[in-house]
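Biologist: Could you take me closely through one loop of this chain, residue by residue, and then set that loop against the rest of the fold? I would like the surroundings spelled out with care.

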Amino acid sequence: MEAVITAIEELFEILQRRKADRIEKLPQSGSDRIYFRIYAGLDSFIATYNLNKKETQTFIYFSKHFKDAGLPVPRILVVNEDDTLYIQEDLGRDSLLNKLEQNGHGDYAFGLFQKSLSALAKMQILGDKGLDYDWSLTAKEFGKQAILSDLLYFKYYFLDTLQLPYDKQAMLDDFEALSTYLTHTEYKYFMFRDFQSRNIIVKNDEVNFIDYQGGMKGALQYDVASLLWQAKAELSERWKDDLLDYYMDQIDQLLEQPVDRVTFVSQYNGYVLIRLLQVMGAYGFRGLFERKAHFLASIPLALRNLKFFIENKRIGIVMPEFTRVLKLVVTDEMTARFEPPQANEQTPLIIHINSFSYRTGIPSDESENGGGFVFDMRGILNPGRFDEYKKLSGKDKSVQDFLEQRTKMNEFLNSVWDLVDITVEAYLKRDFSNLMINFGCTGGQHRSVYAAEQTARHLKNKYKVKVVLTHTNQLNWVQ
């Protein structure tokens with residue numbers, strides 16, 4: 001990671017003819033791309049590191065095409081020679097989802113959704129003009145094969161992990177029928193592919209789009225379905241219906257002929273199902289296979305979203321085996337499998353988390369049971385070796401940035417949590433009252449403190465359990 005940061009510093013200096021004040025790694029999402037925010041005086045920029053050169057080239061081409069068409073996308077400022085690193089303008093920190101969470105489901109957020117759909121219609125229809133789809137990252141068009149691919153993605157990475165019995169040939173026949181039905185649409189333009197509220201950045205109450213490198217030619221309905229049925233957004237049925245009507249008004253103004261709304265909405269429901277299943281497949285891959293906590297935690301909400309759709313919406317074709325299996329997937333019992341147990345006021349379990357210095361020894365367990373976990377953090381590069389961090393601790397932002405960007409701390413902690421979570425869930429179910437978790441390093445000031453703080457946050461967020469956090473060597477920290 002240090003080499004990447006050095007490369008960003010050099011590329012930024014070429015671009016701006018000045019040095020960056022600070023470079024901050026941004027939280028990583030589902031993709032393998034790594035984002036950084038560059039600070040320089042009062043200005044900030046976004047750097048992206050991506051070993052997938054084709055993906056970078058596609059994003060650069062799409063961005064230039066859309067920018068030339070006057071569409072709300074970031075300006076690409078500079079790209080390195082081998083297309084693995086680029087710097088773009090910083091559109092801000094607030095996504096549409098952030099705004100929704102901050103302001104609630106009121107008139108302000110509804111207005112931002114309308115602006116997003118109006119801008120989407122222009123990006124799809126105006127952005128389609130002259131766009132060379134040979135630059136598309138995967139398929140040029142979201143046609144039958146691409147739809148089948150999404151359905152199989154759901155099958156392999158989510159459905160098959162549940163080990164439910166089903167007729168495989170009948171299921172494949174239903175996949176074939178659904179993909180054929182949805183392919184026959186006359187409204188094919190640019191399809192964003194991942195048009196969700198996290199990929200819409202709000203700056204000065206105007207919307208801008210990011211992360212459209214997966215775009216291709218496809219049905220207009222898919223992107224609308226992606227936005228309005230995003231589980232995390234929890235839009236009401238009234239909002240979904242009103243916003244869909246608003247979107248159709250917008251595309252009617254851009255197309256030569258108004259859309260046939262009955263046909264449009266019927267196929268829209270089919271694309272809603274495809275999108276919900278594609279998301280379930282992604283959650284299965286990132287959560288069940290890669291063990292990424294955010295995706296695992298999202299599965300119950302996504303299953304409830306899918307359940308509501310199955311019980312309340314209709315698609316214009318019959319899919320007997322697929323429908324039967326989907327009803328099994330969304331049962332309350334199946335959803336409960338993905339929900340961790342939650343503590344309440346009566347839960348006896350208290351988890352004591354300590355950071356400590358190996359110079360003073362491992363904290364003793366004062367409970368009757370003894371035991372617990374002890375993790376040695378000394379294999380992680382020590383920020384305390386560097387003068388600028390020596391008098392700071394693992395609670396300070398710059399030390400946290402160092403550990404997250406220049407060491408394998410995140411990888412280490414994910415492995416720790418895989419172990420600890422098993423014990424916490426067992427203790428919650430068995431009404432045990434005490435668990436101790438200790439993190440040690442040389443001085444008990446940087447690595448162990450960071451690990452203890454992050455583990456406390458993880459357990460409180462995931463299980464709502466009581467945590468007592470102590471930094472046992474704090475009185476001896478270098479000041």
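**The loop around P383**

Modeller: P383 lies in the loop between β11 and α13, and the description that follows rests on a predicted model. With a relative accessibility of 0%, P383 counts as buried, because the limit for that class is under 20%. Leaving out residues up to four places away in sequence, P383 touches Y389, V399, F402, L403, H446 and R447. A further distance helps to place this residue: the C-alpha atoms of P383 and S393 are separated by 9.0 Å, and the two residues are 10 apart along the chain.

N382 belongs to the loop that runs between β11, residues 373-376, and α13, residues 387-390. N382 has a relative accessibility of 16% and therefore also counts as buried, the limit being under 20%. Its contacts, again without residues up to four places away in sequence, are F402, H446 and R447, and each of these three names also appears among the residues that P383 touches. The side chain of N382 reaches the backbone nitrogen of G384 at 2.8 Å.

For a second buried polar side chain, one can turn to Q267, which is placed in helix α9, residues 261-289. Q267 has a relative accessibility of 5% and so counts as buried. The side chain of Q267 reaches the backbone oxygen of H184 at 2.8 Å, whereas the side chain of N382 reaches a backbone nitrogen, that of G384. H184 is also one of the contacts of Q267, which, once neighbours within four places in sequence are left aside, are Y181, L182, H184, T185 and Q221.

Two other loops deserve a look for their backbone angles. Most residues other than glycine have a negative phi. D83, in the loop between β4 (76-79) and β5 (85-89), has a positive phi near 60°. E234, found in the loop between α7 (220-228) and α8 (237-254), likewise has a positive phi, in this case near 50°. As for cover, D83 counts as partly exposed because its relative accessibility is 22%, while E234 is exposed, with a relative accessible area of 53%.

Now to the chain as a whole, which has 16 helices and 13 strands. Its radius of gyration is 25 Å, and a compact globule of 479 residues would have a value near 23 Å, so the two agree. The C-alpha trace spans about 75 × 60 × 40 Å along its principal axes. Of the 479 residues, 52% count as buried, and N382, P383 and Q267 each fall in that class.

Where contacts have a separation of 6 or more, residues 24 or more positions apart account for 75% of them. The accessible surface of the chain comes to about 22,800 Å², and 49% of that surface belongs to carbon and sulfur atoms. Finally, there are 58 positive and 65 negative charges in the chain, and the mean positions of these two sets are 3 Å apart.

Conventions: Residues are numbered from 1 along each chain as its sequence is written. This is a predicted model: local features need pLDDT of at least 70, side-chain atom pairs count only at pLDDT 80 or more; totals for chains, interfaces and linings use all residues. Side-chain values use heavy atoms; hydrogens and water are left out. Helices (H or I, at least four residues) and strands (E, at least two) are DSSP runs, numbered from the N terminus. Buried means under 20% relative accessible area, exposed over 50%, partly exposed in between (1.4 Å probe, protein chains only). A polar contact is a pair of N or O atoms within 3.5 Å; within protein, one must be able to donate a hydrogen and the other to accept it, and residues adjacent in sequence count only if both atoms are side-chain atoms. Contact means heavy atoms within 4.5 Å. The radius of gyration is taken over C-alpha atoms; the globule rule is 2.2 Å times the number of residues to the power 0.38. Accessible areas come from the Shrake-Rupley method with a 1.4 Å probe; for residues, only the protein chains shown count as cover. Lys and Arg count as positive and Asp and Glu as negative; His and the chain ends are not counted. The place of a charge is taken as NZ of Lys, CZ of Arg, CG of Asp or CD of Glu.
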